[in-house]
Amino acid sequence: MRILKKSFIFGLAVSVWFVLWVNFLVRDLFTKGQLAEHVEFLKASRHGKYEIVYGKRFFEFLTFVNESIPRGSDYNFRGVEPLSLEWRRGVYYLYPLMMSEDAEYLLVFEKPGYSMNGYKLFRKFDNGRFILKRK
Amino acid sequence: MGFKEKLGLIFIFSTGLASLALFIAGMFGMEFTEISVLLCTGFVLVLVVNFVSIHSSGDVRFKRGQVSMWGVVSGRNLSPFEPALPAVLLLLITLLVAYAFFRALDKPIEAYDAVSIYGLKSKMLYLAGGVRNNFFNIIATRFQGAHPDYPLLVPMSEVCVYSLLGRFDDIAVKIIFPLFYLSFLVVFYASVKRITEKALPALLFTFCLASVKQFADYATIGVADLTLGIYFGIGVIYLYLWLREGRALFLFTSSLAAILCVWTKNEGVLLAGIIIAILVMSCLRLRKRSVAHLLYSASGAAIIILTIFAWEFFKREKGLKNENFNLSMITAKSLVTGLKKLPPIIYEYQKHFFGFKKWNIVWIAAACTFFANFRKAFTPNIKYITILLIICAAGYGVMYIFSAVEIRFFLSKTGSRFLLHILPAVMFWMVLLLYERD
C-alpha cells in the first residue's frame, strides 16, 4: 500500500512537472512571440541577425563608426545610457576601438543637434547619428 | 564508465583543461595561431581520453521489465504504456537539446554579461593573438564592470573556437554552451542509471533536468553559470561515487571537476572548498575507511587546494580583486549590519522556490523528497551530499550577508544564478534519496 502511495505521489509530481513545462513552453512560444522571433532570426542574413539583436538603427550606426574611425582611436557615447545593455553591446562590438572618458571621438546616437565645446563634426550618418571629433 | 558517459566527460573536461592550458601557454608568450591552439587542444584531448579510459568497467545495462513509470519506485510494472515511455522521454530530451542548439546558434552573443564580460575578453584575447602583459590592466581600467578578476574558462574556450575556425565568429562560438548542456545530460543520465539500475527513472530525471527553463536558457546565452553548475554537479556526483565505491577514478574525476569550478567563476572557489571539506569529513571515520581512502582523499583535496592557491596567488600578483565580495569584507561590524539583509534574502529565495516558470517544481520536489526521506538523507555516504548542499546554501548566504553591494540589486542579479550552480547536484541528491539502497 505504502509503495503504491509513493508511486502515485511520484507519478503525480511527474505529471504536474510535465503540465507546467508544456504550459510555459507554449506560452513563451506563442503568447510571448518567441516563435515569431525564431522565424525572424531564421530568415535573417548574418548581417540581419545583428540588426535584430542590436536594433537596426544602432547597428547601422556602429557599422558606420567602425568604418569611419581609425584603428587605435578612443571614443565615448552620447545618447546611449552608460552601462545599459545597448552601451555594453556597443562597447563589445566596437572593440578594438576603446572607450575613454576623455575621448577623441564622440559617437552621438539619436541626439539631433547635439554639440560640445572643443569638438567639431567629423562624419554624419543622418541628423540624429553622427561623430564628433576633438578640435 | 560507459561509452556515452566517457564521451560527455571528454568534452566537458577537454574544453575546461584546453582553456586552462591555452591561458598558461599564453602567459608564457605563446601566440594563438591555428596550429598552436590545435596542438594544445589535441594534447589535452589525448590526456583526458586516457584519463577517463582508465579502470573502466561496463555500463549498467537496461533491464527489461523494470521500467514502468508507475513502477519506478516499487520496481513493479503497472502501466500498459511501459514500452513507449522511454522512447517518448528520449524524444523529448532530443528535442530539448536540438532546441538549445538552435537558440544558441540563431543569434550572436548578446546577453548582458555575455558581451560585457566573457565575449569582450575573448574578443580581446583572440584579436591580440595571445595573453598580453597589459590584458588585465586594460580590462580593469578601460572597461567598467568587465570584472578583471573573473576566471577565464569561458573566454579562453571561446578563443579556442575562434582560433580553430581561423576567424572571429560570435555566432558559431556559442556552440560551446549547448555542447556542455548535451554532454552533461549524457553524464547525468549515466550517473542516475548507475544508482537506479533502470533506464526509465534515469531518462525521467534527465528529462526533468533538461526541461528546467533556467537550465536550458543558460545553455544558449554564453555565460559561465551553467558551466559552473555542470562542473560542480560532476564534482558532487563523482564524489558520491568515490565514497560509495572507493574507486580512485571517481575521486580524481571529482577533483578535476572541482579544479575547473575554480577556473570557471569566483564562486567556484567556494564550491571547490566545499568538496574539499567533504573529502576531509569522509576521512574522519578512519576506522571504517581504509588508509588508502585517506591517502587518496588527501591527494584529491591537495590538488584542489593547490589550484585555489595558485589562482589566488596569480590574482594577488596581478592586483585583481572582486569588488562584490572578498574575504576582507568578513568583519564583526559587517555581520551586525549584514543580518538585516536576511529578510530580503529569504524573500528572494521563496520567490524562486515557487518560481514555476524558471524552475518548474524542482525546489518543492527537492524539499518534499528531503522531508519524506529525512532519515535516509543522513545515512552513510548520502549524508555527505546532504551536508554539502547545506554548506552551499549557507556559503552563498554568508556571501550575501557580508557583501558590500546593495542587497536587493545583488539578489536580483545573482539569486537565480546561484541556484543554477547547485541545480544538477540537487537533482542527483534527489535521485539518491529516492533510489539509493539504505
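Here are some friendly notes on a sheet in chain A, a loop beside it in sequence order, and a helix pair in chain B.

1. A word on the source before the details: this is a predicted model, so please read the points below in that light.

2. Let's start with the sheet in chain A. It is open and has five strands, in the order S2-S1-S3-S5-S4, and the pairing is mixed. Its edges are strand S2 (98-99) and strand S4 (119-126) of chain A, each of which pairs on one side only.

3. Strand S1 of chain A is a good place to look next. S1 (residues 74-78) runs parallel to strand S3 (residues 105-109) of chain A, and four bridges join the two. S1(A) also pairs with S2(A), again in the parallel sense, over two bridges. Tyr75(A) is a handy landmark here: it stands opposite Tyr105(A) in S3(A) and opposite Met99(A) in S2(A).

4. Is S1(A) largely enclosed or open to the outside? Four of its five residues are buried, so S1(A) is largely enclosed by the rest of the structure. Do also look at helix H4 (residues 56-68) of chain A, which lies across S1, S3, S4 and strand S5 (129-134) of chain A. Relative to S4(A), helix H4 runs at about 125 degrees.

5. Now for the loop between S4 and S5 of chain A, where you will find Asn127(A). Asn127(A) has a relative accessible area of 54%; because the cut-off for exposed is over 50%, Asn127(A) counts as exposed. Leaving aside residues up to four places away in sequence, Asn127(A) touches Pro112(A) and Gly113(A). Gly113(A) is 14 residues from Asn127(A) in sequence, and their C-alpha atoms are 7.4 Å apart.

6. Over in chain B, have a look at helix H7 (residues 176-196) and helix H19 (residues 407-435). Their axes come within 10 Å and cross at roughly 15 degrees. Angles under 35 degrees count as roughly parallel, and H7(B) and H19(B) are therefore roughly parallel to each other. The crossing is right-handed.

7. Which residues make this contact? From H7(B) come Phe184(B), Phe188(B), Ser191(B), Val192(B), Ile195(B) and Thr196(B). H19(B) contributes Pro424(B), Met427(B), Phe428(B), Val431(B), Leu432(B) and Tyr435(B). Sorted by class, the contact of H7(B) with H19(B) has ten nonpolar and two polar residues, with no charged ones.

Methods. Residues are numbered from 1 along each chain as its sequence is written. Chains are lettered from A and ligands numbered from 1 in the order in which they are written. This is a predicted model: local features need pLDDT of at least 70, side-chain atom pairs count only at pLDDT 80 or more; totals for chains, interfaces and linings use all residues. Side-chain values use heavy atoms; hydrogens and water are left out. Axes are lines fitted to C-alpha atoms, for helices over the stretch in contact, and angles run from 0 to 180 degrees between N-to-C directions. Angles under 35 degrees count as roughly parallel, over 145 as roughly antiparallel, 65 to 115 as roughly perpendicular and the rest as oblique. A crossing is left-handed if the near helix is turned anticlockwise from the far one by less than a right angle, and right-handed if clockwise. Contact means heavy atoms within 4.5 Å. Ala, Val, Leu, Ile, Met, Phe, Trp, Tyr, Cys and Pro count as nonpolar, Asp, Glu, Lys and Arg as charged, and the others, Gly among them, as polar. Two strands pair if DSSP finds at least two bridges between them. Buried means under 20% relative accessible area, exposed over 50%, partly exposed in between (1.4 Å probe, protein chains only).
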